[in-house]
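Q: I would like a close look at a single part of this model, with the terms spelled out as they come up. Please begin with one residue and then work outwards to its surroundings.
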Amino acid sequence: MARINANYNKLAAGYLFPEIARRTAAFSDANPGVNVMRLGIGDTTEPLTDVVIAGLHAGVDKLSKSDSYSGYGDGEGDQDLREAIAAKYADYGVTFDETEVFVSDGAKSDSANISSIFSHDAVIAVQDPAYPVYVDSNVISGRTGEAVEGQYEGLVYMPCTEDNDFFPEPPRQKVDLIYLCVPNNPTGAVCSKEQLKSFVDYAIDNKAVIFYDAAYAPYITDTSLPRTIFEIEGAKSCAIEINSFSKDNGFTGVRLGWSVVPQDLVVEDSESGKLNTMWRRRQNTFFNGSSNIVQRGAFASLSPEGRKLSQEMVGYYMVNARTIKSGLESIGITVFGGSNAPYLWMKTPNGLSSWDFFDKLLTETHVVGTPGSGFGPSGEGYFRLSAFGNEADIATAVESIKSNLQI
Ligand code: PLP
C-alpha cells in the first residue's frame, strides 16, 4: 500500500508567493481596470545582454550540424564553463580547480538538494527570516518536527533583527548544517569579513558545514565586504557555496547556477575529497546535466565584455533600490538593506502585521510587496520590496506609495 511522504503535511502554509498571487487576483477581480504595480517577487525584468544572446545563439547553431552536435554533456557541466567559473573567483584572491565546481539548473535546486549528502539526523540552523527553500527542503526530508507557532521543532533559528543589523551570531548550541545567505533575501543585509569568520570558526570547531548562498553577491559594491565565503581563511574545509546566473545575468527563466564543493571539505566521518565525490555521484544519479545551449550563454557572460554588461545590469537594478529607499524614507518609513543588495526591508508603519500591511499597501497604493512574516517568525512586522523591475514602473510605484499611503 503506497503512502504519502507525510512530512509534506508539516509544511506550515501554502508557499508565500501563491498566497500573494491569490490576494492580488482577488483585488484585481474586485477592482477591474486598476493597474496593480509589483514590487514583490525577486524576478528579473530586463532583457539578456547582447553577449549572452550571442552565446545562446552559438549554442543553438552548434546543435544544427552533425559535426558539432552534442547530446548529454558532463553531469557537472561543461569543462570550459567550470573553468571560467573557477577563474572568476581569482578576482577575490580565491583559487579552485574546475573539479570543485558543479553547474546546475539553478541555486534553488542546489539549496534544496545539498543537504542530501549529509546524515539524516543533522541539526539544521537557518537565518530567520530566510529564503524559504532552506527550511522547507529540510521539513520535506524529515529533519524537523511539526510547526508550532510559526517555528519548526528541531530547527535552530538564528534571529536577524534590528539589534544585530539583521546578521546573526553563530548559534550557542551545537548544530551540524548552517544556511547563510549574503546578501540576504529578504533583509538585504550583508556581513563583514569578521562576522563571516566567526561562522567559519564555529563550523571548524564544531565540524559543521555552512551552505553559503551567494546568489546576490554581484550586488556587493563595498569592496571591504566578502563576495564569497572562500575569502575567509579555512572556509574550504567547512563551506559549500551556492550561486546563480539569475540575478546578475537575468537567467531566472533561462536557468543556470553552480555550487562549489571544495576537495578540502571534511566532516566528522569523511576524508577530504569524499563530499566532493558524493555530490558528483548525487548529481550524476539524479540529474543529466544542464542545458548545453544555456551553458553557452553563461560561458559568454563570463567573458570580459559579458561581465561588464552584467555589472551594468546590476547597476540598473541598484538605481531602483535607491529610488525605493529614498522615496520611502521621504515619508518617514524606516528602511533597511538596499545598499549592497537588491532587497529593501521596511518596517511596517504603526506596528502593523506584515499581512495587514500587504493588504493596506495593495488597497491604498495598488502596490504589491512581500510580507516579511512569510520568510520566518522574525520577519513579522517587516515587509520586503524588491528592486527588480523596470525603472519607470518602479518610479511610478514609489510615487503612488508617497502620494496614497495613509500613515
Ligand atoms: N537563492 C536566493 C537567496 C534567492 O533569493 C533565489 C531566488 O530568488 C535563488 C537562490 C534562486 O536562484 P536560481 O534562479 O538560480 O534558482
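In which loop is the place of Pro186, and which elements stand on either side of that loop?

A: Pro186 is found in the loop that lies between strand 7 and helix 6 (193–206). The model is a predicted one, in which local features need pLDDT of at least 70 and side-chain atom pairs count only at pLDDT 80 or more, whereas totals for chains, interfaces and linings use all residues. Residues are numbered from 1 along each chain as its sequence is written, and side-chain values use heavy atoms, with hydrogens and water left out. Helices (H or I, at least four residues) and strands (E, at least two) are DSSP runs, numbered from the N terminus.

The peptide bond between Asn185 and Pro186 is cis, with omega at about 25 degrees. A cis peptide bond also joins Asp128 and Pro129, where omega is about 10 degrees, and Pro129 is placed in the loop between strand 3 and helix 5.

Strand 3 and strand 7, which lead into these two loops, can be taken together: strand 3 (residues 124–128) pairs with strand 7 (residues 177–181) in the parallel sense over three bridges, where two strands pair if DSSP finds at least two bridges between them. Within this pairing, Val126 has Tyr179 of strand 7 as its bridge partner. Helix 5 (residues 133–140) lies across strand 3, strand 7 and strand 8 (209–213), and runs at about 155 degrees to strand 7; contact here means heavy atoms within 4.5 Å, and axes are lines fitted to C-alpha atoms, for helices over the stretch in contact, with angles that run from 0 to 180 degrees between N-to-C directions.

Both strands belong to an open sheet of seven strands, in the order 2-10-9-8-7-3-6 and with mixed pairing. Strand 2 (101–104) and strand 6 (156–159) stand at its edges with a single partner strand each, so one side of each has no neighbour in the sheet. On average, neighbouring strands of this sheet are turned by 20 degrees against each other, direction ignored.

At the edge formed by strand 2, four bridges join that strand to strand 10 (residues 257–260), and the two run antiparallel; Val103 has Trp258 in strand 10 as its bridge partner. Val101 and Val103 point one way from strand 2, while Phe102 and Ser104 point the other way, and all are buried, a term that means under 20% relative accessible area, with exposed set at over 50% and partly exposed in between (1.4 Å probe, protein chains only). Val103 is also among the contacts of Gln295, which, leaving aside neighbours within four places in sequence, include Gly77, Asp78 and Leu81 as well. Gln295 lies in helix 9 and counts as buried at 2% relative accessibility.

The cysteines at Cys160 and Cys181 add to the picture, although a search of the whole structure finds zero disulfides, a disulfide being a pair of cysteine sulfur atoms within 2.5 Å. The sulfur of Cys160 has its closest cysteine sulfur in Cys181, 10.0 Å away, which is too far for a bond. Cys160 is buried, with a relative accessible area of 1%, and Cys181 likewise counts as buried at 2% relative accessibility.

Returning to Pro186, one relation reaches back along the sequence: Asp43 and Pro186 are 143 residues apart in sequence, yet 13 Å apart in space, C-alpha to C-alpha. Asp43 is found in the loop between strand 1 (37–38) and helix 2 (50–62), and is partly exposed with a relative accessible area of 39%. Not counting residues up to four places away in sequence, Asp43 touches Thr252 and Phe388.

On the other side of the starting loop, helix 6 is followed by a further backbone feature. Lys207 has its place in the loop between helix 6 and strand 8, and its phi is near 50 degrees, a positive value in a residue other than glycine. Lys207 counts as partly exposed, at 45% relative accessibility. Phi of Glu149 is likewise near 50 degrees, again a positive value in a residue other than glycine; Glu149 lies in the loop between strand 4 (147–148) and strand 5 (151–152), and is exposed, with a relative accessible area of 78%.
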